[in-house]
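I opened the notebook to look up a few things about this protein. The entries follow the order in which I checked them.

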Amino acid sequence: MRRPLTIASWARARHEEQAVREPEPAYAPTTAGVDKRERILAAGLKLFAERPYQRVTMDRVAEASGVAKGTLYLYFDSKESLYMTILREGMEGAIQMYASEIGPDLGVSGRLQALIAANIKFCYERRNLLRLI
């Protein structure tokens with residue numbers, strides 16, 4: 001016999017349903033020696049790409065990167081600082097990639113083709129960064 005649906009049972013079922021949908025940590029810290037700052041940046045990038053800025057918390061970034069919250073604040077003063085660092089370093093990486101792909105020895109046509117190829121490569125390899133831009 002089915003039990004009647006109550007507000008409490010509905011809320012409990014809803015909570016369990018949301019818990020099932022909760023994504024796994026963005027970054028699984030498994031290797032010793034990987035720079036903590038890089039782990040934090042990678043986890044932050046993934047979380048900011050998956051969720052709106054307001055829903056990302058420093059607690060979640062710390063958990064996803066496998067560092068203590070205090071350690072996270074040693075590297076970044078605030079969530080805004082982390083976000084801006086991710087954007088700045090991501091764009092610096094894009095500029096370096098474009099510069100390395102487009103050689104000065106190419107003609108106009110060759111440079112244009114290299115630029116298009118570099119842009120496609122960047123969009124493919126850095127999808128999460130593109131979601132932030």
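Which pattern does the protein follow, read along the sequence? I am working from a predicted model. I read along the sequence and wrote down α-α-α-α-α-α-α. The count agrees with that entry: 7 helices and 0 strands.

Next I looked up totals. The protein has 133 residues, and 29% of them count as buried. I noted an accessible surface of about 9,400 Å² for the protein. Carbon and sulfur atoms hold 56% of that surface. For contacts I kept to pairs with a separation of 6 or more; among these, residues 24 or more positions apart account for 57%.

Then I picked out Thr85. I found Thr85 in helix 5, which covers residues 79-101. Is Thr85 buried or exposed? I put Thr85 down as buried, because its relative accessible area is 6% and the cut-off for buried is under 20%. Leaving out residues up to four places away in sequence, I listed what Thr85 touches: Arg37, Leu41, Phe76 and Gly90.

My last entries concern the surface. Which residues form a nonpolar patch there? I noted Leu112, Leu115, Ile116 and Ile120, with about 380 Å² of accessible area together. From this patch I took Leu115, which sits in helix 6, residues 108-125. Leu115 has 38% relative accessibility, so I entered Leu115 as partly exposed. That label applies because partly exposed lies between the 20% limit for buried and the 50% limit for exposed.

Conventions:
Residues are numbered from 1 along each chain as its sequence is written. This is a predicted model: local features need pLDDT of at least 70, side-chain atom pairs count only at pLDDT 80 or more; totals for chains, interfaces and linings use all residues. Side-chain values use heavy atoms; hydrogens and water are left out. Patches are made of residues with over 30% relative accessible area and no salt bridge: like charges are joined within 9 Å, nonpolar side chains (Val, Leu, Ile, Met, Phe, Trp, Tyr) within 5 Å. Accessible areas come from the Shrake-Rupley method with a 1.4 Å probe; for residues, only the protein chains shown count as cover. A salt bridge is a side-chain nitrogen of Lys or Arg within 4 Å of a carboxyl oxygen of Asp or Glu. Helices (H or I, at least four residues) and strands (E, at least two) are DSSP runs, numbered from the N terminus. Buried means under 20% relative accessible area, exposed over 50%, partly exposed in between (1.4 Å probe, protein chains only). Contact means heavy atoms within 4.5 Å.
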